Structure formats: structure tokens, C-alpha cells
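Subject: Structure handover

Hello,

Here is the structure I promised you. My notes on what turned up follow below it.

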Amino acid sequence: MVAGAAHNDTSTPFNLSSLPALTEHEYDGRDFRVEHVVGRELASTRHHISYRSGDLRITGQLSVPRRPGQFPLVVLAHGYENPATYRSGVALRREQSYLASIGYVVLLTDYRSHGGSDEDDSDPVAEPLGYAEDVVNAIVAIRGAGLHYVDTSRVAMLGRSMGGGVALNAVVARPGLVDALVLYSSVSSSAADNYERWVVGRGDLDERVLAVYGAPEANPGFWGEVSARNYLRRVDVPVQVHHGTADAVCPLDWSRETVDALEWAGQTVEYHEYPGEGHRFDGAWPRMARRIARFLDENV
């Protein structure tokens, strides 16, 4: 699922992850390192960080409130960025600053093959765990780090666009991982929707997906196993969902369908639509931010 990917970028990972494989995988996040300072703001300081996720070293940034105390953690899963041009920590900067300013330590993982992270040399089509593994391992690693200013018993996750799919997969794979989940402008919880929007007819990438997995109509069993929508009973936390009605990247119906599926699975879900708002939430950002803050305060 590649939100906003260039149509001729055949190197873009199409991270199909079997949800049973994600569930059964042994996560070994470790060696969390808080390294040099990369920025200071009025309310927070941003640090370059790294940790181990399987055989890979993954980079990212950690925003820490500039006042004494122990703070709950929010882990961010960012949307599609071209790995060739992505710079460590550049994604979701607005969210990093805001959440740190209201009293959360904020961890943004770059993902594998992004920023200063190690390259994943597996075939983009065959990559079995990918970004969701890196997000889960980020939480495992920071919980083992013993940072005095992070209360790792209180953790939330926020995913935007492609990162919404990454975050939902992570929560499905590991019940008990976090206390609350926020999704906005998210990709579909159906892998077939994402495939049809960003991969069908896109040359070599489409050919490789078809060669390895087959089309959704030809291999529905596989495509069902890579769709979080079919495993939402495993979600064990309240979910808050935001989507703009004018989103030209991820259709509004995708969030509506995910919310319907969460409710059908018996989950606690809070849904907000924003008339006329696009994919980035430029105009409605302050209103959405206040709703996110309230939701986190109530559930984390």
C-alpha cells in the first residue's frame, strides 16, 4: 500500500504482510539509543535515535518535553515518503511538536530503508513484515531502554495515510502493545483496495505482485490474510479515526468502511469527518489536534 507513490516508481515497497505471520512473529526490538540533539523548540527537544529491529538498525527521532517529569509515549507511523529523498525525522513534524508540547514523549520511526536506517535488501514484493515490524520493535526497544522520562506503561500510536495501515497492522498483530490508536487520512484496511488504487497498471511493480501473489479475485484467501479488516476482533484498544471529505489521496469511504468493520467487530471507535478537508488537514488541523489531545488524555 503506497499512498502518494509515484506511478513509475517500481522500487517502492508494496509491504504485503500476512496478519497471521505478523501475529506469530517474535519481536526483538532492542538496543534503543538516544543520540545527538537535532532540534530545540520552546516546549521540547528532539533527539536522533536508533534501535534494532530484527537484523536491521532503524533510525528516528524522539521529542521530549522540556520540563521535569515522566511522560506517556506516543509512537508515530508516517505516511508514504520516497526512501531516496526522505530525511530522518522529517515526517509528521507538526504532530511531533504538538504532542510534545502537551506533555507526551513522541517517537517517530523512520522505517527500514528510510533516513539513516539500514537498507532492507529483500524483494519489495516479498517483504514479509516490513514497516509494521519496525513500529512494534520501536515500542519493544524503548520499553527495554529504561529512560527515566518515559512512562512506557502508557503508550498510544498514531498513524497517518500509509502509516494508518502500518499502525492498524501493528495493533492487530500485538494486542497489549498500546493503550489507544489514532488514525487519520488512512489507507484502506482492505489490501485489495490499496493494490487497486496504487499498483494496478503500474508496470513492473504490478507484474511482480501478480507473479508472486495473484490478483485479489484470483487469490482471495491470500488477500484476505493481508487485510487488517479481517482481524479487527484482535484490536483491544479504543480507536479514534479522522478523515476529510475532500481527501483526493485516500478516499473517505475507506475510513467509513474501516469504522463500520471496527464497530461490527465490537470495538470502541470514535469517528470524525471534516467537510471540505483534504489529505493533510491544513484548515481543520487545530480542531483535529484538540480532539486527539482529549482522546489521548482520556485513554492513555
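Where is the place of S255? S255 sits in helix 8, which covers residues 252-264. Please keep in mind that this is a predicted model. More on S255 further down; the overall picture comes before that.

**Confidence**

The average pLDDT of the protein is 91. A score of at least 70 is reached by 92% of the residues. The stretch to treat with care is residues 1-13, where the pLDDT is below 50. The model still gives this stretch 39 contacts beyond near neighbours in sequence. Where pLDDT is low, predicted coordinates should not be read in detail.

**Overall build**

The secondary structure consists of nine helices and nine strands. The radius of gyration is 18 Å, and the globule rule gives 19 Å for 300 residues; the two values are close, so the protein is as compact as a globular protein of that length. Along the principal axes, the C-alpha atoms fill a box of roughly 55 × 40 × 35 Å.

Of the 300 residues, 60% are buried. Now take the contacts between residues at least 6 apart in sequence: 72% of them join residues at least 24 apart.

The exposed surface comes to about 11,600 Å². Carbon and sulfur atoms supply 48% of that area. As for charge, there are 28 positive and 40 negative side chains. The centres of these two sets lie 9 Å apart.

**Helix 8 and the loop after it**

Back to S255 in helix 8. Is S255 buried or exposed? The relative accessibility of S255 is 3%; buried means under 20%, so S255 counts as buried. Leaving aside neighbours within four places in sequence, S255 is in contact with S186, V241, H243 and Y271. N194 is 61 residues from S255 in sequence, and their C-alpha atoms are 13 Å apart in space.

W264 also lies in helix 8. At 68% relative accessibility, W264 counts as exposed, because the cut-off for that class is over 50%. The C-alpha atoms of W264 and L62 are 36 Å apart, with their positions 202 residues apart in sequence.

A265 belongs to the loop between helix 8 and strand 9 (269-274). A265 has a relative accessible area of 10%, so this residue is buried. Which residues is A265 in contact with, leaving aside its neighbours within four places in sequence? They are L232 and R233. A192 is 73 residues away along the chain from A265, and their C-alpha atoms are separated by 20 Å.

**Strand 3**

V64 is part of strand 3, residues 56-65. With 10% relative accessibility, V64 counts as buried. Not counting residues up to four places away in sequence, V64 touches A43, S44, T45, H47 and Y149. One of these, Y149, is 85 residues from V64 in sequence. Their C-alpha atoms are 8.1 Å apart in space.

**Two positive phi values**

D31 is a residue other than glycine, yet its phi is positive, near 55°. D31 is found in strand 1, residues 30-40. Its relative accessible area is 33%; that falls between the 20% and 50% cut-offs, so D31 is partly exposed.

S113 is not a glycine either, and its phi is positive at about 65°. Where is the place of S113? S113 is in the loop between strand 5 (105-109) and helix 3 (130-143). At 15% relative accessibility, S113 counts as buried.

**Where to begin**

If you have little time, open helix 8 and look at S255, which is buried, and W264, which is exposed. Then step into the loop to A265, which is buried. After that, turn to the positive phi values at D31 and S113. Leave residues 1-13 for last, as their pLDDT is below 50.

Best wishes

Definitions and conventions:
Residues numbered from 1 in each chain as written. Predicted model: local features only at pLDDT ≥ 70, side-chain atom pairs only at ≥ 80, totals over all residues. Heavy atoms only, no water. pLDDT = per-residue confidence, 0-100. Contact = heavy atoms within 4.5 Å. Helix = DSSP H or I, 4+ residues; strand = E, 2+ residues; numbered from the N terminus. Rg over C-alpha atoms; globule rule 2.2 N^0.38 Å. Buried < 20%, exposed > 50% of the residue type's maximum accessible area, 1.4 Å probe, protein only. Areas by Shrake-Rupley, 256 points an atom, 1.4 Å probe, with all protein chains shown as cover. Lys, Arg positive; Asp, Glu negative; His and termini not counted. Charge placed at Lys NZ, Arg CZ, Asp CG, Glu CD.
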